[in-house]
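Trainee: Could we go through this model together? I would like to see how each label is earned.
Mentor: Happy to, let's look at it first.

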Amino acid sequence: MPSHSFTRSDRLSAELRRLVGTMVHDAVREHGLPSMSVSDVECTKDFDVATVYVTALLPDQAKDGVKALKELAKEFRMELSKAMRVRRVPELRFKYDDSVDRGERIEALLRLEK
């Protein structure tokens, strides 16, 4: 039997990343939110919860952006239920992904040492 390189959880996460990324982009334009983008989506094994990691163009506005996205989560979930062919769309939980900020800080520190 051939082994599958991606699990169902990986496929669902990739589909959610694509769809939620588009929804976040639209919400930023429509609601005047700070510029945000989806960096990753992780689903639990039982597909009940999907953690959506977002990054902000301006890190000081990230808190407001994540708060606004959390308020829009139910609306996004309803849209996903119409767009996806799954029995149950996972609950969306938005979290700020600070890895880009940490990387920039480390890079700046390395530039100072040279």
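Mentor: Contact here means heavy atoms within 4.5 Å. Keep in mind that this is a predicted model.

Trainee: Which residues of α1 and α2 meet by that rule?
Mentor: On α1, L16, L19, V20, M23, V24, A27 and H31 meet L69, L72, F76, E79 and L80 of α2. This contact divides into 10 nonpolar residues, 1 polar and 1 charged.

Trainee: Why are α1 and α2 called oblique to each other?
Mentor: Helix α1 (residues 8-31) and helix α2 (residues 62-83) pack at an angle of about 125 degrees, with axes 11 Å apart. Roughly perpendicular covers 65 to 115 degrees and roughly antiparallel needs over 145. The angle fits neither class, so α1 and α2 are oblique. The crossing of α1 past α2 is right-handed.

Trainee: What makes S13 count as buried?
Mentor: Buried means under 20% relative accessible area. S13 has 6% relative accessibility, so S13 counts as buried. S13 is placed in helix α1 and, leaving out residues up to four places away in sequence, touches V41, E42 and C43.

Trainee: Which residues have the most contacts inside the largest nonpolar core?
Mentor: They are V24, F76, L80, L92 and F94, in a core of 30 residues. At least two residues of this core come from each of α1, β1 (36-43), β2 (49-56), α2 and β3 (91-96).

Trainee: What is F94 in contact with, leaving aside neighbours within four places in sequence?
Mentor: Its partners include V20 and V24, V52 and V54, and also L69, A73 and F76.

Methods: Residues numbered from 1 in each chain as written. Predicted model: local features only at pLDDT ≥ 70, side-chain atom pairs only at ≥ 80, totals over all residues. Heavy atoms only, no water. Axes fitted to C-alpha atoms, helices over the stretch in contact; angles between N-to-C directions. Helix = DSSP H or I, 4+ residues; strand = E, 2+ residues; numbered from the N terminus. Parallel < 35°, antiparallel > 145°, perpendicular 65-115°, else oblique. Left-handed = near helix turned anticlockwise from the far one by under 90°. Nonpolar A, V, L, I, M, F, W, Y, C, P; charged D, E, K, R; others polar. Core = buried A, V, L, I, M, F, W, Y, C linked by side-chain atoms within 4.5 Å. Buried < 20%, exposed > 50% of the residue type's maximum accessible area, 1.4 Å probe, protein only.
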